[in-house]
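This report covers cysteines, one strand and its partners, and two helices. The sequence and model come first.

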Amino acid sequence: MADYIQIPTPAGKFDALTSGPEGGRPVLLLHGFPEAAVQWSEQLSVLGEAECHAVAPDQRGYSPGVRPEQVADYRLEELVGDVLAIADHLGWQRFDLVGHDWGAAVSWATAAAHPDRVRTLTAVSVPHLDPFAQAVREDEDQQQRSAYMQVFRGSGAERALLEENARKLRQIYGHVVPQHHIDDYVQRLTEPGALTAALNWYRASRFNGPIGKVAVPTLYVWSTEDVAIGSTAALATEHHVCGPYRFEMLEDVSHWIPEQAPEELNRFILEHLLEHQD
């Protein structure tokens with residue numbers, strides 16, 4: 001069972017879940033849209049049992065204590081800054097980084113810019129941002145898969161997602177995310193300003209400049225039934241990692257890997273950590 005903590009930073013207080021001994025190997029887990037730290041419940045339990053000190057924060061906009069109103073406050077560099085600020089407060093000079101969806105995007109950027117801080121990277125679903133941006137520009141399949149981003153950036157996105165008891169928001173999770181998790185996410189995102197903050201991640205994103213190659217040991221996990229991420233960028237990611245690289249493809253699994261295939265993901269993460277301990 002994970003414990004609830006708060007992590008003070010210059011940007012505000014992050015809510016977080018944690019498991020394992022404080023002196024254990026530090027692992028930071030970053031959730032995606034439209035979820036929260038609770039998406040990592042299975043991973044937190046397994047990592048804690050493996051004597052890791054695992055921490056999963058509710059990220060910027062999802063934590064009520066860090067919910068700025070300006071779109072510019074959700075740029076990628078701000079999100080990377082949060083990762084370092086959280087690690088600094090926890091006293092982590094180096095740490096293992098795990099991210100899913102938007103959390104994976106932030107993790108890629110953090111690992112590329114700060115290889116001295118990130119011991120290993122585990123990215124789930126979202127590929128390296130450089131081939132992903134190229135696929136959005138040039139690959140027709142990825143363009144169709146990413147069309148929802150423009151909808152999320154629109155001024156009417158909040159109303160559309162929340163009307164009729166958040167019917168469209170609930171549909172995003174498909175039929176594979178546990179219902180009690182969905183209820184938790186919807187309750188959080190119906191708080192005043194919460195969904196706008198979460199959507200501001202999309203409104204602030206442009207992926208204009210390359211983040212560059214990642215030098216830290218990297219595990220990338222992608223699933224064949226991911227409606228948002230096609231194979232083009234997923235398969236091209238290996239060319240953007242210059243450190244040790246492992247690619248795992250899950251058949252017949254949707255975008256929601258941490259909750260739909262926790263046993264497989266947990267095994268991959270533990271193997272990755274065990275292989276790279278220095």
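There are zero disulfides in this structure, which is a predicted model. Cys52 is buried, at a relative accessible area of 6%. Cys242, by contrast, is exposed, at 53% relative accessibility. Buried here means under 20% relative accessible area and exposed means over 50%, so the two cysteines fall into opposite classes.

**Strand β5 and its partners**

Strand β5 spans residues 95-100 and is mostly covered, with six of its six residues buried. In a regular strand, side chains alternate between the two faces of the sheet. In β5, one direction is taken by Phe95, Leu97 and Gly99, while Asp96, Val98 and His100 point the other way; all of them are buried.

β5 pairs with strand β3 and with strand β6, as tabulated below.

| Partner of β5 | Residues | Sense | Bridges | Opposite residues |
|---|---|---|---|---|
| β3 | 25-30 | parallel | four | Val27 and Asp96 |
| β6 | 118-124 | parallel | five | His100 and Val124 |

The connection to β6 involves helix α3 (residues 102-113): β5, α3 and β6 form a β-α-β unit that is right-handed.

**Ile257 in helix α11**

Ile257 belongs to helix α11, residues 257-260. Is Ile257 buried or exposed? Its relative accessible area is 0%, so Ile257 is buried. Apart from neighbours within four places in sequence, the contacts of Ile257 are His100, Val124, Ser125, Val221, Trp222, Ser223, Leu250, Pro262 and Leu265. Two of these contacts, His100 and Val124, also stand opposite each other in the pairing of β5 with β6. At the other end of β5, Phe95 lies 162 residues from Ile257 along the chain, and their C-alpha atoms are separated by 22 Å.

**Helix α1**

Which residues of helix α1 (residues 41-49) are buried? They are Gln43, Leu44, Leu47 and Gly48. These residues cover an arc of only 125° around the axis, and therefore lie on the same side of α1. An α-helix has 3.6 residues a turn, so residues three or four places apart point the same way.

The cover over the buried residues of α1 includes the strands β2 (12-19), β3 and β4 (52-57), together with the helices α11 and α12 (262-275). β3 thus appears both here and as a parallel partner of β5. Just after α1, Glu51 adopts a positive phi of about 70°.

Terms used. Residues are numbered from 1 along each chain as its sequence is written. This is a predicted model: local features need pLDDT of at least 70, side-chain atom pairs count only at pLDDT 80 or more; totals for chains, interfaces and linings use all residues. Side-chain values use heavy atoms; hydrogens and water are left out. A disulfide is a pair of cysteine sulfur atoms within 2.5 Å. Buried means under 20% relative accessible area, exposed over 50%, partly exposed in between (1.4 Å probe, protein chains only). Helices (H or I, at least four residues) and strands (E, at least two) are DSSP runs, numbered from the N terminus. Two strands pair if DSSP finds at least two bridges between them. A crossover is right-handed if, with the strands pointing away from the viewer, the path from the first strand over the helix to the second runs clockwise. Contact means heavy atoms within 4.5 Å. The arc is that of the directions from the helix axis to the C-beta atoms.
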